[in-house]
Amino acid sequence: INMKITSKILAVLAISAAFTSALTAGVTVSRDSDIKDFAINSVDGSSFHFGVHAEGGTRAMEYNGTEMDVDVSRYVAFLGYDISRSMTLFVTMGTMVSEPDSDAIFALNTEDNNSFTAGAGLMVNLIDSDQFDFLTTISRYRLQADAEVYYADFEDYSWVEFDAALTFQLHNEDAINNTQILPDQYALFAGPCVSVVSSDEFDQGSGNVFGIKGGISLIFTSNTYLTGGFEYYGDSSLYYGTIGVRF
C-alpha cells in the first residue's frame, strides 16, 4: 500500500473516531434497527445479523499516469453481531470482479478478473428521535454511521478499499397497512461518504475520494429488510442492494 493512500486512510479513521466519540451516547452493508439499538433513546439488547450484499459500478483510477475506468462488482455475504446496544461489528466474504479499461492496459493480465474478497466493518447507531411534528408523513428520523475495509487479490494487482458513511434517515412507520405482502415501513436516507482505494498498480485521484450516497430501505418486519442505494464520487459511481435478516 503506498504511503499517500495509507495516510488518507489513517486521516479518515481518525476523523471518524473523533466524530463517533463526540456523539457517543457504517456497507456498504445496511440494516434496520429498533429504537433500543440507539445510544440515545435505547435499552440493552444484542443479536446477530445475516444477509447478502451486491454492488457494482465504475471507479475512475490511474495506471502509469493514464486515466482510466475500472468496472467493479462485489457479491458478499455478511454476518454481524451487536457488541453493544448501538454498535455492530460485521465481517464479509464473497467474490469481487474487476475489469480495467483494456485500451489503457498493456502490462497487466486482465483475463483473470475474479478474486475472493473478505472484509470487516462497524455500524454505529447514533441518534433516534420521533420529534418531527411538522412532517405528518414522517414517523421518526435517525442518524447512523458505518465503515468497512475489504481486500481482494487479483493475478496482477491487489485491491484494498476503505469505505465510510454518515447517513440521515427519514422513517415512515405507518406507510402501508398490509404487512403480509408489502413492507410495514420504509426509510429514505442520504449523507456524505468516503471511499479510499489502495492498489499496487492503480492510483486514485483525490477528486474521487469524497462523495454522497442515498437510497431507500423497505422494512418488512422488525427483523427483515431490503435496501437499495447509490454512491457518487466525482467521476465514479456505484449502485448496491442488500437483503438482511436479524435473529
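Let's start with Lys213. At 6% relative accessibility, Lys213 counts as buried. Keep in mind that this is a predicted model.

What does Lys213 pair with? Its salt-bridge partner is Glu231, with the closest N and O atoms 3.8 Å apart. This pair links distant parts of the chain. Glu231 sits in strand S10, residues 224-233, and Lys213 in strand S9, residues 210-221. They are 18 residues apart. Glu231 is buried as well, because its relative accessible area is 5% and the cut-off is under 20%.

Now the overall layout. The chain has one helix and eleven strands. The helix comes at the start of the pattern, and the strands follow it along the sequence. Of the 247 residues, 47% are buried. The chain exposes about 11600 Å², and carbon and sulfur atoms supply 60% of that.

Back to charges. How many salt bridges does the structure hold? Seven. One of them joins Arg59 and Glu161, with 3.1 Å between the closest N and O atoms. Arg59 lies in strand S1, residues 48-63, while Glu161 lies in strand S6, residues 158-172. That is 102 residues apart in the chain. Both Arg59 and Glu161 are buried.

Next, Arg142 and Asp128. Their side chains meet in a salt bridge at 2.6 Å, N to O. Arg142 is in strand S5, residues 140-153, and Asp128 is in strand S4, 14 residues apart. Buried or exposed? Arg142 is buried, at 4% relative accessible area. Asp128 is buried too, at 3%.

There is also a network. Salt bridges with shared partners join Glu55, Arg74 and Glu148.

Stay with strand S4 for a moment. It spans residues 114-129 and holds Asn125. Asn125 has 2% relative accessibility, so it counts as buried. Its side chain makes a polar contact of 2.4 Å with the side chain of Gln144.

Last topic: the surface. Which residues form the negative patch? Glu67, Asp69, Asp71, Glu99, Asp101 and Asp235. Strand S2, residues 66-82, gives the most to the patch, with three residues. Asp69 is placed in strand S2. Asp69 counts as partly exposed, because its relative accessibility is 40%.

To recap. Lys213 and Glu231 form a salt bridge, and so do Arg59 and Glu161, and Arg142 and Asp128. On the surface, there is the negative patch, with Asp69 among its residues.

How values were computed
Residues numbered from 1 in each chain as written. Predicted model: local features only at pLDDT ≥ 70, side-chain atom pairs only at ≥ 80, totals over all residues. Heavy atoms only, no water. Helix = DSSP H or I, 4+ residues; strand = E, 2+ residues; numbered from the N terminus. Buried < 20%, exposed > 50% of the residue type's maximum accessible area, 1.4 Å probe, protein only. Areas by Shrake-Rupley, 256 points an atom, 1.4 Å probe, with all protein chains shown as cover. Polar contact = N/O pair within 3.5 Å; in protein donor to acceptor, adjacent residues only side chain to side chain. Patch = residues over 30% accessible without salt bridge, like charges linked within 9 Å, V, L, I, M, F, W, Y side chains within 5 Å. Salt bridge = Lys/Arg side-chain N within 4 Å of Asp/Glu carboxyl O. Lys, Arg positive; Asp, Glu negative; His and termini not counted. Charge placed at Lys NZ, Arg CZ, Asp CG, Glu CD.
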